[in-house]
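Student: Hi! Could you take me through one part of this structure slowly, as if we were looking at the screen together?

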Amino acid sequence: MSLDEGWFDGWVGRGRAPGGSGAVQVVVTGLPDGDASWQVRVEDGVVAEVAPGSVNGAALTLTFPATIAAAVAYGETTASAAFMQGRMKTAGDLGLVLDVLAAVDSRS
């Protein structure tokens, strides 16, 4: 299963206010070309920006294995389920986790 990088672009504008704010580092491991990172900026509970690359001083880091990230992207599971089942690792501001999960899971 592959991961369409456009999935991350679809996060912009998703979420719910009021909420937390901060820089989030998303790392997807085990891709065919190695691990990849994205910068996600959350403002008041809503994803404001996503760009490839690393964040210095991220408030939160989310790490997904490629298979789990693809399953979330294709609607086979939710980011919330991956988090609750321990299939997604987190480090940093756990309050911000809930805002990011709400944004990812809000796809229509």
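Student: Let me start with one residue and then hear about the sheet around it: is Glu49 buried, exposed or partly exposed, and why?

Tutor: Happy to! Keep in mind that we are looking at a predicted model. Glu49 counts as partly exposed, because its relative accessibility is 39%, and that falls between the 20% limit for buried and the 50% limit for exposed.

Now look at what Glu49 does. Its partner is Arg41, and the two form a salt bridge in which the closest N and O atoms are 3.1 Å apart. Arg41 also meets the side chain of Glu43 in a salt bridge, with 1.9 Å from N to O. Those are the two salt bridges that the structure holds, and they link Arg41, Glu43 and Glu49 into a network. In general, side chains of opposite charge can pair when their charged atoms come close. The other two members are partly exposed as well: Arg41 has 32% relative accessibility, and Glu43 has a relative accessible area of 42%.

Let's place this in the sheet. Strand β3 covers residues 46-52, and β2 covers residues 36-43. These two strands run antiparallel and are joined by six bridges. One facing pair to find on your screen is Trp38, which stands opposite Pro52 in β3.

Stepping back, the sheet is open and has five strands in the order β3-β2-β1-β4-β5, with mixed pairing. β3 and β5 stand at its edges with a single partner strand each, so one side of each has no neighbour in the sheet. From one strand to the next, the twist averages 20°.

Next, walk inward to β1. Seven bridges join β1 to β2, and this pair is antiparallel; here Gln25 stands opposite Gln39 in β2. The two strands form a hairpin with six residues between them, and Gly30 in the turn has a positive phi of about 75°. With β4, β1 pairs in the parallel sense over six bridges, and Val26 stands opposite Leu62 in β4. Strand β1 is mostly covered, with six of its eight residues buried.

What lies against the sheet? Helix α2 (residues 66-73) packs on it and touches β1 and β4, its direction making about 95° with that of β4. This helix is mostly covered too: seven of its eight residues are buried, including Ile68 and Val72. Just after α2, Gly75 takes a positive phi of about 75°.

Helix α4 (residues 94-105) lies across β1, β2, β3, β4 and β5, running at about 50° to β4. In α4 you will find Asp99, a charged residue to set beside our network. Asp99 is buried yet has no salt bridge, and the nearest side chain of opposite charge, Arg16, is 5.3 Å away. A salt bridge needs the nitrogen and oxygen within 4 Å. The side chain of Asp99 does reach the backbone nitrogen of Gly20, at 2.7 Å. Leaving aside neighbours within four places in sequence, Asp99 is in contact with Gly19, Gly20 and Gly45.

To come back to your residue: Glu49 is partly exposed and is linked with Arg41 and Glu43 in a network of salt bridges.

How values were computed. Residues are numbered from 1 along each chain as its sequence is written. This is a predicted model: local features need pLDDT of at least 70, side-chain atom pairs count only at pLDDT 80 or more; totals for chains, interfaces and linings use all residues. Side-chain values use heavy atoms; hydrogens and water are left out. Two strands pair if DSSP finds at least two bridges between them. Helices (H or I, at least four residues) and strands (E, at least two) are DSSP runs, numbered from the N terminus. Axes are lines fitted to C-alpha atoms, for helices over the stretch in contact, and angles run from 0 to 180 degrees between N-to-C directions. Contact means heavy atoms within 4.5 Å. Buried means under 20% relative accessible area, exposed over 50%, partly exposed in between (1.4 Å probe, protein chains only). Lys and Arg count as positive and Asp and Glu as negative; His and the chain ends are not counted. A polar contact is a pair of N or O atoms within 3.5 Å; within protein, one must be able to donate a hydrogen and the other to accept it, and residues adjacent in sequence count only if both atoms are side-chain atoms.
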